[in-house]
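Let's take a friendly walk through a protein model, one part at a time. Have the structure open beside you as you read.

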Amino acid sequence: MNDQQLLRYARHILLDDLGIEGQEQLLGARVLIVGAGGLGCPAALYLATAGTGHITLADDDVVELSNLQRQILHTTASVGQPKAESGRDMLARFNPEVQVVPLVARLEGDALLEAVRAADVVLDCCDNFATRHAINRACVAARKPLVSGAAIRYDGQIGVYDLRRDDAPCYHCLFPEADEAEELSCATTGVFAPLVGIIGAMQAAEAMKLITGLGQPLVGRLLQLDVRTMQWHSVNVGRDPGCEVCGQRH
């Protein structure tokens, strides 16, 4: 690290369990964030300001006025712009040293698998089950750790699926893919703005822990939050040996 980096990241370097070694690991890390909306914005912001060296921000949507209530990387001037590009521009203002690559596309198939393989950690910040399950399948195939968050109305949840580990569950173990699954969206049911900030920031924290080996990642547990009462509920999650996605993993 140079003198400017030592100053910029000084408060991390002071932490006994992180220090210079951990900060250097962050500087060399590659993170894929799928979704530049309510969850992806705070997650990307904290990862960028913390010095995560390379961030790929994937989203095929454009900024709308109704997004600005909670999607904190976008401004009024961003309306009509691709979210991935708007996010890149804002992150550069916070930390120009971080390389942010915008992907204005809905990642799927080989393109998704390639992006997952190139990352050290993947953040699922999307808003639909089909994409969540596609990301999970790619992470299982590439054996990459996945940090998945969700938020709707007043309820949020976060889980970590460290698919480098043989004993870790995947997203499908907990939420099996089903055609009859009810799909809720912020556009039709609403979402409390600070909730996505809480969950997105936690996704960034879990990603940084995975990168640096800090503490105990949220593997094998699902945290659920009711923001109206600010009550957290923790659910233990085990691997399903019969899971059709990760069941054959050895």
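A residue is called buried when its relative accessible area is under 20%, exposed when that area is over 50%, and partly exposed in between. Arg137, with 38% relative accessibility, therefore counts as partly exposed. Please keep in mind that this is a predicted model.

**Charged pairs**

Side chains of opposite charge can pair when their charged atoms come close. How many salt bridges does the count come to? The count comes to 9 salt bridges, and the table shows some of them, including the one made by Arg137.

| Salt bridge | N to O distance | Citation |
|---|---|---|
| Glu177 and Arg137 | 2.9 Å | side chains meet |
| Arg165 and Asp167 | 3.2 Å | closest N and O atoms |
| Glu206 and Lys209 | 2.8 Å | closest N and O atoms |

Start with the pair of Glu177 and Arg137. Arg137 sits in helix α7 (residues 129-142) while Glu177 lies in the loop between α8 (171-174) and α9 (186-189), so their salt bridge ties together parts that are 40 residues apart in sequence. Like its partner, Glu177 is partly exposed, because its relative accessibility is 42%.

Now look at Arg165 and Asp167. Is Asp167 buried or exposed? With a relative accessible area of 52%, Asp167 is exposed, whereas Arg165, at 37%, is partly exposed.

The pair of Glu206 and Lys209 belongs to helix α10, where the two residues are 3 apart, about one turn of the helix. Both Glu206 and Lys209 are buried.

**The helix that holds a pair**

Helix α10 covers residues 193-212, which makes 20 residues. From its first C-alpha to its last, α10 reaches 30 Å, close to the 28 Å expected at 1.5 Å a residue. What follows α10? Gly213 does, and its phi is positive, near 75 degrees.

**The sheet**

Strands of a sheet pair through backbone hydrogen bonds, either parallel or antiparallel. In this model you can find an open sheet of 8 strands with mixed pairing, in the order β3-β2-β1-β4-β5-β6-β7-β8. Which strands stand at the edges? They are β3 (99-103) and β8 (231-236); each has a single partner strand, so one side of each is left without a neighbour in the sheet. From one strand to the next, the twist averages 15 degrees.

Let's follow some of the pairings. Strand β4 (residues 121-124) runs parallel to strand β5 (residues 145-152), and 3 bridges join them. Val122 has Leu146 in β5 as its bridge partner.

Further along, strand β6 (residues 155-162) pairs with strand β7 (residues 221-226) in the antiparallel sense, over 5 bridges. Here Gly159 stands opposite Leu222 in β7.

Strand β7 also pairs with β8, again in the antiparallel sense and over 6 bridges. Leu225 has Trp232 in β8 as its bridge partner. Together β7 and β8 form a hairpin with 4 residues between them. Where does Met230 lie? Met230 is in the turn of this hairpin, with a positive phi of about 55 degrees.

**A nonpolar patch on the surface**

Finally, find Met1, Leu6 and Ile20, which make a nonpolar surface patch of about 210 Å². Ile20 is found in helix α3 (residues 19-27). Because its relative accessibility is 41%, Ile20 counts as partly exposed.

Notes. Residues are numbered from 1 along each chain as its sequence is written. This is a predicted model: local features need pLDDT of at least 70, side-chain atom pairs count only at pLDDT 80 or more; totals for chains, interfaces and linings use all residues. Side-chain values use heavy atoms; hydrogens and water are left out. The expected span of a helix is 1.5 Å times one less than its number of residues. Patches are made of residues with over 30% relative accessible area and no salt bridge: like charges are joined within 9 Å, nonpolar side chains (Val, Leu, Ile, Met, Phe, Trp, Tyr) within 5 Å. Accessible areas come from the Shrake-Rupley method with a 1.4 Å probe; for residues, only the protein chains shown count as cover. A salt bridge is a side-chain nitrogen of Lys or Arg within 4 Å of a carboxyl oxygen of Asp or Glu. Buried means under 20% relative accessible area, exposed over 50%, partly exposed in between (1.4 Å probe, protein chains only). Two strands pair if DSSP finds at least two bridges between them. Axes are lines fitted to C-alpha atoms, for helices over the stretch in contact, and angles run from 0 to 180 degrees between N-to-C directions.
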